[in-house]
Amino acid sequence: MAERAAPGGPARSGDGRSAVVHDVAVVGAGPAGLAAAVTAAEAGSRVLLIDAAGQTGGQYWRHRDEATHADDPHGHHDWKVFTDLRARLRDTVAAGRVEHRPWTSVWLLERAGEGFRLRTTPTVGGAGTPSSHLARRLVLCPGAYDRQLPVPGWDLPGVLAAGGAQALLKGHGVLAGRRVVVAGTGPFLLPVATGLADAGARVVALCEAASPSRWARHLPAAARQGAKLVQAGEYAARLARRRVRLRTRTVVTEILGEDRVTAVRLGRVDARGEVSGEGPVVAADAVALGWGFTPQLELPLMLGTETALGADGSLVVRVDPDQRSSVPGVFVAGEATGVGGAGLAVAEGLVAGAAAAGGRPAARHRRQVLAQRAFARAMHDVYPVPAAWTGWVTARTLVCRCEEVTAGDLRRACHDLAAEDPREARSTTRAGMGRCQGRVCGYATAGVLAGLTGRAVTEEDLLATGRRPLAAPVSLGTLAALDGAADDEEVPTA
């Protein structure tokens with residue numbers, strides 16, 4: 001989609017330059033961001049929509065290149081919701097109400113007078129140069145990434161996050177492997193396994209750590225989400241046709257192989273995740289592991305938003321019923337406020353977009369948010385991260401792959417150097433200091449250290465691994481250009 005400059009009020013910089021000031025800047029073009037952008041634009045706001053991907057939809061509606069492939073709803077749910085939002089976005093872009101910047105990452109957020117400055121850089125595949133943009137209000141919809149729990153062998157080639165396996169298939173039509181094990185916890189495992197099986201892979205094991213019978217305590221919440229029950233039934237039927245059996249209370253305790261995955265060892269676990277019996281060794285050439293998702297909070301935390309522990313134990317941003325954060329002018333929607341699926345993300349985006357535009361969100365959208373959040377709480381209770389998962393790792397198991405920090409390294413740092421939390425462990429072991437900056441290993445590091453000290457993971461533990469000075473990689477030249485730059489444009493009072 002071609003970029004189009006949106007009309008906006010000018011701000012004057014110290015050297016006479018003028019900058020467009022958008023009423024609302026939306027970061028992220030997944031379900032929440034798309035809904036927020038079109039809602040704010042249709043309410044009369046001048047909107048800037050920034051997304052790191054080349055086309056809209058986020059991870060949930062990831063699809064083949066629109067320039068070379070026709071739309072294919074196969075494997076997608078709520079596809080019409082996406083195509084409707086996309087059409088509305090194109091209309092608002094054509095009308096000059098939205099400036100859409102794909103292939104662009106926001107790496108720094110700053111206060112700028114009565115609003116905010118967004119510093120951006122092209123992502124891989126994008127063109128252009130680093131730049132900055134001004135906005136009176138922000139709607140942050142950064143999404144989430146796969147949460148991973150380390151097990152022996154998880155660093156072997158052929159081991160992927162469940163979301164990575166799905167992204168390869170939905171975005172590029174590529175199978176992760178021919179004999180695949182899908183394991184972890186949560187309903188996301190079902191579409192991953194189904195998609196792989198439908199595309200020709202043999203799913204040799206589908207392992208769920210929890211027991212779906214726990215839904216019995218949440219029947220009212222489940223009954224109110226009939227569409228989700230229908231989806232689950234569809235997945236179950238398709239898997240049955242492929243002769244894929246769901247193994248409950250089963251986890252991957254070890255991934256075997258030398259240069260790449262050749263097999264996995266399964267184990268039976270109790271409700272806490274304690275291994276209660278050794279299972280079979282299953283030959284495989286790929287493993288897709290999924291333990292839920294970790295909200296991506298670099299941008300909200302840069303501005304000092306208040307946080308809390310979510311229903312699944314993740315760090316989330318606190319918001320009010322209009323999706324306002326604790327920072328005036330900053331709204332947050334989608335997985336960053338608590339993982340709950342695309343339906344919840346869209347509903348929150350609709351509310352946030354209306355509120356950011358200065359309007360009153362529709363009552364029905366607020367009700368949708370409340371109903372979807374109730375279902376999400378039930379889902380996280382049914383599919384928790386096993387409390388005793390740290391018992392699966394050995395001293396030689398890598399926890400931080402970037403810096404090659406093992407569980408044994410963390411144990412020694414904790415016992416010998418009193419490094420009892422992720423912040424202290426980072427300075428003594430370098431856990432979380434590699435390229436991913438703790439995005440992959442942060443949750444696991446916090447869990448291992450909490451287990452060693454006999455306590456639960458705290459909000460402070462996750463803040464230590466969630467705060468990052470930069471939200472995306474930038475060149476040293478871009479950083480150097482900040483020194484002495486005449487970036488004194490400020491957002492004037494509306």
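Start with the hairpin of β13 and β14. Six residues sit between its two strands, and G257 takes a positive phi there, near 150 degrees. Keep in mind that this is a predicted model.

Now the strands themselves. β13 and β14, the latter covering residues 263–269, run antiparallel and are joined by six bridges. Two pairings to click on. I255 has V264 of β14 as its bridge partner. V251 is partnered with G267, again in β14.

Next hairpin along, β14 and β15. This one has five residues between the strands. Here the glycine with a positive phi is G273, near 100 degrees. β14 and β15 pair over six bridges, in the antiparallel sense. Look for R268: G277 in β15 stands opposite.

Put those together. You get an open sheet of three strands, in the order β13-β14-β15, with antiparallel pairing. Which strands are at the edges? β13, at 250–256, and β15, at 275–283, each pairing on one side only. On average, neighbouring strands of the sheet are turned by 25 degrees against each other, direction ignored. How covered is β14? Mostly: five of its seven residues are buried. A general reminder when you look at side chains here: in a regular strand they alternate between the two faces of the sheet.

Moving on to the annotated region. UniProt, in an unreviewed entry, carries the annotation "domain: BFD-like [2Fe-2S]-binding" for residues 398–449. In the model, that stretch is 52% helix and 10% strand. Its end C-alpha atoms are 14 Å apart.

Helix α12 spans residues 442–452. Is it mostly covered or mostly open? Mostly covered, with nine of its 11 residues buried. The buried ones run from G442, Y443 and A444 through T445, A446 and G447 to V448, L449 and A450. What covers them? The list includes strand β21 at 398–400, plus three helices: α10 at 407–417, α11 at 422–429 and α13 at 459–466. Just after α12 comes G454, with a positive phi of about 70 degrees.

Hold on to A444, because Q148 touches that residue, and Q148 is buried, with a relative accessible area of 7%. Where is Q148? In the loop between β8, residues 144–146, and β9, residues 159–161. Leaving out residues up to four places away in sequence, Q148 touches W154, A161, L289, G290, W291, V440 and A444. There is a polar contact too. A polar atom of the Q148 side chain lies 2.9 Å from the backbone oxygen of L289.

Last topic, cysteines. How many disulfides does the structure hold? Zero. Take C436. Why no bond there? The closest cysteine sulfur, in C402, is 4.1 Å from the sulfur of C436, and the cut-off is 2.5 Å, so the pair is too far apart for a bond. Is C436 buried or exposed? Buried, because its relative accessibility is 15% and the limit is under 20%. C141 also counts as buried, at 8% relative accessibility.

To recap. Three antiparallel strands form an open sheet, β13-β14-β15. Helix α12 is mostly covered. Q148 is buried in the model, and its side chain has a polar atom 2.9 Å from the backbone oxygen of L289. And there are zero disulfides. That's it from me.

How values were computed: Residues numbered from 1 in each chain as written. Predicted model: local features only at pLDDT ≥ 70, side-chain atom pairs only at ≥ 80, totals over all residues. Heavy atoms only, no water. UniProt positions renumbered as here; feature names shortened; annotations may be inferred. Helix = DSSP H or I, 4+ residues; strand = E, 2+ residues; numbered from the N terminus. Pairing = 2+ DSSP bridges. Axes fitted to C-alpha atoms, helices over the stretch in contact; angles between N-to-C directions. Buried < 20%, exposed > 50% of the residue type's maximum accessible area, 1.4 Å probe, protein only. Contact = heavy atoms within 4.5 Å. Polar contact = N/O pair within 3.5 Å; in protein donor to acceptor, adjacent residues only side chain to side chain.
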